[in-house]
Amino acid sequence: MAKYLLALDQGTTSSRCIIFDCQGNICSKVQREFPQIFPRDGWVEHDATEIWASQMGVAVEAMLAIGASAADIAAIGITNQRETVVVWEKATGKPICNAVVWQCRRTAEDCERLKREGVENEIRTRTGLLLDPYFSATKLKWILDHVEGARERAQRGELLFGTIDTWLIYQLTGGKIHATDPSNAARTMLFNIHTLEWDAELLRLFDIPACMMPKVLPSSGVFGYTDARLFGGEIPIAGVAGDQQAALFGQCCFDAGDAKNTYGTGGFLLMNTGKAPILPKQGLLSTVGWQIGNKVSYVLEGSVFVCGAVIQWLRDGLGLVKNAADTEHMANKVPDSAGVYLVPAFVGLGAPYWDAYARGGIQGLTRATNKYHIVRAALESMAYQTADVLAAMQTETGTPLSALRVDGGASANNFLLQFQADILGTKLIRPACVETTAWGAATLAGLGVGVYSDIDELHAARRIDRTFGAQMSAVEREQLLEGWHRAVERTLGWAK
Ligand code: ADP
């Protein structure tokens, strides 16, 4: 009997493999970084061959570490950095150029031009996204426009497109399966989130031949089997979801209104909105969470550009702390931030402001301000930014949140989570296993091969580390938020 679920977690800076038992215990974990390529200012690329090699390497090592053979693995789940574009030859499986990474801004001008042409609303209605270089469409068009002969070859059916999930599935199956799932497809800006198909109008707008697009299959279910030569046996690939959606699934946010926030380098708040997409006003994205059978769960997503990264800045930029974990006891050395607000708009502000010209600021300094106030204000800024995104979401959905589930590296900080609960006036829940992204992919795969008969069994496997209840008075909360919003206002448009 196969006893493990193997998750491939292909991130922006590293490839990871985590092997879980079916109760959610981590049995093996291996991680490997791979090179980031910066050919020009604002451009970011990866070598897709290195992504594949590192991902395959960590999978084999993780299996070896516990003596697992292919027969011990019930299924593979894949979760991945989203939006990144790979184009490869059908005949050889070789990429025709480096992968263009989600962070890459090379198509910023193309997006500006499209905005001037007035197509943004149409794109937003069909895809739920904002017209931004972040998403795959303009990157794929760029490759077809700039790599010699690419568009003609694509039209002749010689080239295939994929996001990272698709690339890995193709390699794992020895080139047999060219497929993706709706959570990844929804980030390309070529996928209609209402019909759940590649959108013919958008393929025309971006001049993308339909024959290079992968087949879209449900997020849970068998996509194909690994080439027997890779792991010494065939293993079903049975779960696929983009990283943020996988984390939402891993946190058991299965019902409309359930939400999670990830405190990583950036912050990602996702809320399950149920069976139909909500088309939000400026600032939030509407996207697909996952598809199981013919049931689709939609989500609202808001991202904060600088979240845990503000703590890295305290450490590396200011030298104010030795390591990130120190911020917790430093913040507790003072009873409050003494009116100091730090707005970490280092690269502009994300949801709900979307101001590329905002720049960071520290407001409310006096002669009595000390380093503990600054550290505390930095942690508080992570909570305030999250509160702003959540407020925007609640305006859209009209439903108050009963509890926010949290994960990501900075969710280890108890001060941060208590302040977050206070400033939201909402309970926070931190799971025992913070590897929610990999666990989400593993459980989608487990469901796909019948290790679990339904999602209720996943609720049963969920274990909570700690909950944080709101203790602050409503009056104090309002005063603090009012100060934060005044501080944000002063940073907007600064670099214009
Ligand atoms: P990512 O996956 O986005 O690279 P992680 O989820 O590993 O990030 O989280 C790392 C981020 O969290 C870093 O920016 C770091 O500064 C921050 N961080 C880690 N531990 C703590 C802590 N105890 N308190 C505050 N911030 C922390």
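## A quick tour of the chain

The chain holds 17 helices and 23 strands. Its radius of gyration is 22 Å, close to the 23 Å that the globule rule gives for 496 residues, so the chain is as compact as a globular protein of that length. Keep in mind that this is a predicted model.

**Overall build**
- Along its principal axes, the C-alpha trace spans about 70 × 55 × 40 Å.
- Of the chain's 496 residues, 59% count as buried.
- Take the contacts between residues at least 6 apart in sequence: 72% of them join residues at least 24 apart.

**Surface and charge**
- About 19600 Å² of the chain is exposed, and carbon and sulfur atoms supply 50% of that.
- There are 46 positive and 53 negative side chains, and the centres of the two sets lie 2 Å apart.

**Cysteines**
- You'll find zero disulfides in this structure.
- Cys 27 is in no disulfide, and the nearest cysteine sulfur, that of Cys 22, is 9.0 Å away.
- With 30% relative accessibility, Cys 27 counts as partly exposed.
- For Cys 111, the closest cysteine sulfur belongs to Cys 104 and sits 11 Å away, which is too far for a bond.
- Cys 111 counts as buried, because its relative accessibility is 1% and the cut-off for buried is under 20%.

**A look at Thr 12**
- Thr 12 is found in the loop between strand S1 (4–10) and strand S2 (14–21).
- This loop residue counts as buried, at 16% relative accessibility.
- Setting aside neighbours within four places in sequence, Thr 12 is in contact with Phe 34, Gln 36, His 46, Gln 81, Val 101, Trp 102 and Gln 103.

**Backbone spots to check out**
- Ala 351 and Pro 352 are joined by a cis peptide bond, with omega at about -5°.
- Pro 352 has its place in the loop between strand S19 (341–343) and strand S20 (361–363).
- Asp 207 has a phi near 60°, a positive value in a residue other than glycine.
- You can spot Asp 207 in the loop between helix H8 (200–205) and strand S12 (215–216), and at 37% relative accessibility it counts as partly exposed.
- Ala 338 has a phi near 55°, again a positive value in a residue other than glycine.
- The place of Ala 338 is in the loop between helix H12 (326–331) and S19, where Ala 338 is partly exposed, with a relative accessible area of 43%.

Methods: Residues are numbered from 1 along each chain as its sequence is written. This is a predicted model: local features need pLDDT of at least 70, side-chain atom pairs count only at pLDDT 80 or more; totals for chains, interfaces and linings use all residues. Side-chain values use heavy atoms; hydrogens and water are left out. Helices (H or I, at least four residues) and strands (E, at least two) are DSSP runs, numbered from the N terminus. The radius of gyration is taken over C-alpha atoms; the globule rule is 2.2 Å times the number of residues to the power 0.38. Buried means under 20% relative accessible area, exposed over 50%, partly exposed in between (1.4 Å probe, protein chains only). Contact means heavy atoms within 4.5 Å. Accessible areas come from the Shrake-Rupley method with a 1.4 Å probe; for residues, only the protein chains shown count as cover. Lys and Arg count as positive and Asp and Glu as negative; His and the chain ends are not counted. The place of a charge is taken as NZ of Lys, CZ of Arg, CG of Asp or CD of Glu. A disulfide is a pair of cysteine sulfur atoms within 2.5 Å.
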